[in-house]
Amino acid sequence: MSRFACAVVPRFPVSALLRAEPELRGCPLVICRQEGAVANGRSPGPRSILVGVSREAERLGIRTGMTVAQALVRHSDLVLRPRDERAIGAAREALLDIAGSVSPRIESDGNAVYLDIEGLDKIFSSDGGIAAALSTRAERIGLTVGVGTAGSKTTARIAAGLAARTGEAILVAAGKDATWLAPHPLSVLTPVTQAARARAASPRETWPALQESFQRLGLRHLGDLARLPSREVGSRFGKAGTRLWRIAAGKESSPLLPESPPLEFTEGVSLEYSVESLEALLFLMRGLIDRLIHRLAIHGLSCGGLRVGLDLADGGHAERRVGVLAPTADVKALAILTRHAIEAEPPRAAIVGVRAIAIADRPRPTQLDLFRPTGPSPERLATTLVRLAALCGSERVGRPVPPRGHRPEAFTVTSFDPVSEERVRSKGTEPEPEPSRSGRAALRALRPPRRAQVFQEGGNIAYVRASGLGGRAVVSGGPWRIETEWWSERPCRRDYYDVQLSDGGIYRLFRELGGGAASVGDQWFIDGCYD
Amino acid sequence: MQGASQLRVEDLLSQLPGTLRRGHVPEAPEWEGEGGRLSTGYSEIDDLLGGGVPRGRLSEVVGRGSVGTTSLAQRLLASVTTDENFAAWIDVADAFDPASASAAGVALHRLLWVRPPDLVAAFAATEILLATGGFALVFLDTGPVRGALGPKTRQGRPRPRGQAAGGQKGRRMLAAPQTWLRLARAAEQSRTALVVLPGAGSAKEGCLGLAGSAAGVRLELSPVQAVWEGTPGAPLLLEGLVSRIDVTRNRGPQARRQRSRQMRIRLD
């Protein structure tokens with residue numbers, strides 16, 4: 001026997017906006033249609049129709065369908081917001097994420113999501129466990145859901161709608177759908193018929209007309225409808241009537257139409273005002289990143305980068321990419337990196353809408369080794385790398401790689417990924433380096449090389465002077481010539497010397513030799529100090 | 001009845017060995033941290049330090065330029081990374097030379113190189129790395145700290161006036177004892193050997209250390225001579241550096257009496 005769960009977000013446009021702007025919680029919030037908006041195209045006009053009303057506004061007598069002017073007459077301190085399709089889209093995706101984290105077979109239906117929960121009792125122990133998991137995970141990403149479970153999708157949807165009002169999950173026992181539905185009034189079918197209408201399964205006016213007809217016949221509850229002979233209901237009320245009878249009798253068995261959870265994790269918000277300061281924008285971004293990270297965490301994923309889309313007040317659009325050194329779930333670090341990305345290339349106009357798309361990536365796996373010292377945990381290391389990159393710049397954090405050519409000053413920095421590196425090395429034949437048996441005098445590099453004045457006597461270096469150092473040459477060795485990259489636009493032709501100065505320091509000097517098209521003449525530089 | 005019990009307890013107490021009697025506070029063995037000490041790669045220096053650089057402590061290697069502090073640090077790094085441990089090098093001066101490190105035998109794939117733009121970022125990066133854990137060794141190369149000495153400390157020791165990059169805030173942090181105490185505590189918690197290299201401003205100027213009493217170990221290097229070799233008519237070769245090492249601070253149970261040794265660093 002099939003089992004279904006349904007999670008419903010009550011007052012969906014309001015909930016979606018509160019998720020994007022949590023500071024509005026507790027305010028008498030109303031959502032208006034975009035039509036009738038005033039001059040700037042974002043603020044709602046007086047003739048806009050209300051399409052969503054918060055619980056606080058409802059207590060003040062405000063109802064959906066009113067105009068803004070009518071609502072403001074009832075209460076002048078309402079918080080008006082236009083319907084934010086971006087926030088609604090993000091909330092819908094988040095709802096699918098939650099459902100996808102509980103069951104692999106899910107179906108989206110507007111402000112509700114259906115789950116096939118057959119066999120899930122092995123994971124969640126009971127329907128109550130599934131309902132609790134859905135509620136908890138929804139809370140974590142800023143949504144409040146009502147959850148119902150039953151033997152059919154429609155019964156589960158009705159149960160979830162009622163649960164959203166009471167705040168407690170409703171679990172209809174297996175095979176008891178008809179019994180549970182019987183005492184409920186016919187009006188509980190309204191959301192079910194609305195969903196069907198949205199899918200254009202039945203004509204637009206069918207449900208109000210049918211409801212009126214049922215009431216004229218003295219039918220008040222679903223049990224009254226279920227007791228009628230189905231054949232008679234079909235001949236009198238047609239296909240729509242038969243469907244309603246099947247629902248009331250607990251015989252409805254429409255299958256789940258499975259769909260995949262979104263592969264892309266997007267959060268966004270449209271602003272009713274223009275944001276000009278970076279701080280205000282980052283405040284918004286932090287909220288978006290926080291919600292993205294929670295959604296990724298539901299799937300056991302981390303963030304491998306961000307794409308930030310900015311809608312500009314001049315009608316343009318700007319996009320910035322935020323790269324990370326390793327997949328991370330650190331909101332603070334991602335916010336800092338986003339700041340750097342936007343600061344590096346500020347948008348040309350004020351911002352009226354923000355969208356953030358997370359590039360999902362798997363956290364780095366690890367397998368501890370019994371015979372090796374424990375290194376940093378991959379998750380913590382990933383976060384550390386991101387934070388260090390935010391602090392110092394991503395090109396200044398990583399694994400050093402010695403020069404491959406003959407230019408002594410050349411080096412590269414690659415990503416520090418010891419886990420992958422060890423794995424590759426364990427398969428390959430590259431030998432482990434061995435510590436030098438004798439000590440080697442290391443070079444402290446001067447980057448960039450420091451220009452020096454060198455005075456020579458009889459062809460030998462006699463005196464060296466440079467910024468911050470200088471002295472008589474006590475001993476010097478060299479020259480050792482390097483000629484490389486003669487085939488490139490930047491040929492390297494140098495004479496290197498080791499010089500011990502009277503100040504006690506031993507330096508590596510080089511003379512850039514002239515010659516070739518890119519000749520700079522003979523110039524002396526100090527590029528390091530032996531220490 | 002109560003009096004008899006009291007007598008019995010006193011009788012039993014008197015039979016306890018001396019170390020367990022009332023009023024005696026047993027001395028706790030000093031914790032050396034998991035993994036104990038990290039070998040420097042020079043057996044003589046390990047011997048001086050009682051096994052090597054201690055994990056979970058802040059150590060300092062100080063000396064003027066061209067005295068071998070970087071060579072000693074890279075040898076320690078090579079020893080640690082080839083033992084399959086991870087290490088990090090925080091390089092404010094951007095002076096780390098991968099070619100030298102590779103030649104010294106450092107397993108560079110186990111080394112995280114961080115080049116912070118200033119001292120403030122360097123201290124933050126050090127704290128981040130210590131909090132991450134899993135690194136056996138973290139170097140903090142503060143870059144040039146000129147030897148021009150500031151006001152003396154209470155103990156009469158001259159304190160270097162920080163002149164490294166990082167502006168006023170960085171200089172204040174460099175001279176503040178609480179900075180080093182905090183880092184020492186973080187190193188202890190993560191069981192990481194934190195080694196500070198207060199780079200000299202120039203070869204002429206020395207540095208007496210920055211961490212003060214927060215340092216568990218302080219090695220001071222002073223030059224003996226640079227060894228040049230060559231035959232008449234041919235260019236001279238820098239053969240190596242010979243330096244004297246003094247252990248001016250070594251807190252721990254395994255500290256040795258002998259406090260100084262000459263080290264020869266060869267340049268092949």
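**Strand pairing, helix packing and the interface in a two-chain predicted model**

In chain A, strands β17(A) and β18(A) run antiparallel and are joined by 9 bridges, where two strands are taken to pair if DSSP finds at least two bridges between them. Helices (H or I, at least four residues) and strands (E, at least two) are DSSP runs, numbered from the N terminus. The structure is a predicted model, in which local features need pLDDT of at least 70 and side-chain atom pairs count only at pLDDT 80 or more, while totals for chains, interfaces and linings use all residues. Residues are numbered from 1 along each chain as its sequence is written, and chains are lettered from A and ligands numbered from 1 in the order in which they are written.

Within the pairing of β17(A) with β18(A), A:Glu483 has A:Arg493 in β18(A) as its bridge partner. On its other side in the barrel order, β17(A) (residues 469-484) pairs with β16(A) (residues 460-466) in the antiparallel sense over 4 bridges, and A:Ala466 is there the bridge partner of A:Leu469 in β17(A). These two strands form a hairpin with 2 residues between them, and A:Gly468 in the turn has a positive phi of about 90°. Strand β18(A) (residues 492-501) is in turn joined by 7 bridges to β19(A) (residues 506-512), again antiparallel, with A:Leu509 in β19(A) as the bridge partner of A:Tyr497. These strands belong to a barrel of 6 strands, closed in the order β15-β16-β17-β18-β19-β20 of chain A with antiparallel pairing. Neighbouring strands of the barrel are turned by 45° against each other on average, direction ignored.

A second sheet of chain A is open and has 4 strands in the order β9-β12-β10-β11, with antiparallel pairing. Its edges are formed by β9(A) (265-275) and β11(A) (317-328), each of which has a single partner strand, so one side of each is left without a neighbour in the sheet. The twist from one strand to the next averages 15°, with axes being lines fitted to C-alpha atoms, for helices over the stretch in contact, and angles running from 0 to 180 degrees between N-to-C directions. Strand β9(A) is joined to β12(A) (residues 351-361) by 7 bridges in an antiparallel arrangement, and A:Phe265 stands opposite A:Ala358 in β12(A).

Two helices lie across this open sheet. Helix α4(A) (residues 85-102) lies across β9(A) and β12(A) and runs at about 160° to β9(A), whereas helix α15(A) (residues 378-392) lies across β10(A) (302-312) and β11(A) and runs at about 135° to β11(A).

Helix α13(A) (residues 278-298) has 21 residues, which at 1.5 Å a residue should span 30 Å, and its end C-alpha atoms are 30 Å apart, which agrees; the expected span is 1.5 Å times one less than the number of residues. The buried residues of α13(A) include A:Leu281, A:Met285, A:Leu288, A:Arg291 and A:Ile298, a residue being buried if 20 or more other C-beta atoms, placed from the backbone, lie within 10 Å of its own. Among the elements that cover these buried residues are α4, α6 (127-140), β9, β10, α14 (331-344) and β12 of chain A. After α13(A) comes A:Gly300, whose phi is positive, near 70°.

For the chains as wholes, chain A contains 16 helices and 20 strands, and buried residues make up 40% of its 531 residues. Chain B contains 7 helices and 12 strands, and buried residues make up 50% of its 268 residues. Of the contacts in chain A with a separation of 6 or more, 61% are between residues 24 or more positions apart, two residues being in contact if their C-beta atoms, placed from the backbone, lie within 7 Å. In chain B, 68% of the contacts between residues at least 6 apart in sequence join residues at least 24 apart.

Between the two chains, 67 residues of chain B are in contact with 56 residues of chain A. The elements giving two or more residues to the side of chain B that touches chain A include α3 (69-82), β5 (111-114), α5 (119-132) and β11 (237-250) of chain B, and α3(B) gives the most, with 8 residues. By class, this side of chain B has 37 nonpolar, 20 polar and 10 charged residues, where Ala, Val, Leu, Ile, Met, Phe, Trp, Tyr, Cys and Pro count as nonpolar, Asp, Glu, Lys and Arg as charged, and the others, Gly among them, as polar. Strand pairing also crosses from one chain to the other, since 2 bridges join β13(A) (residues 397-401) to β5(B) in an antiparallel arrangement, and A:Val397 stands opposite B:Val114 in β5(B).

Notes
A residue is buried if 20 or more other C-beta atoms lie within 10 Å of its own, exposed if 12 or fewer, and partly exposed in between; C-beta atoms are placed from the backbone.
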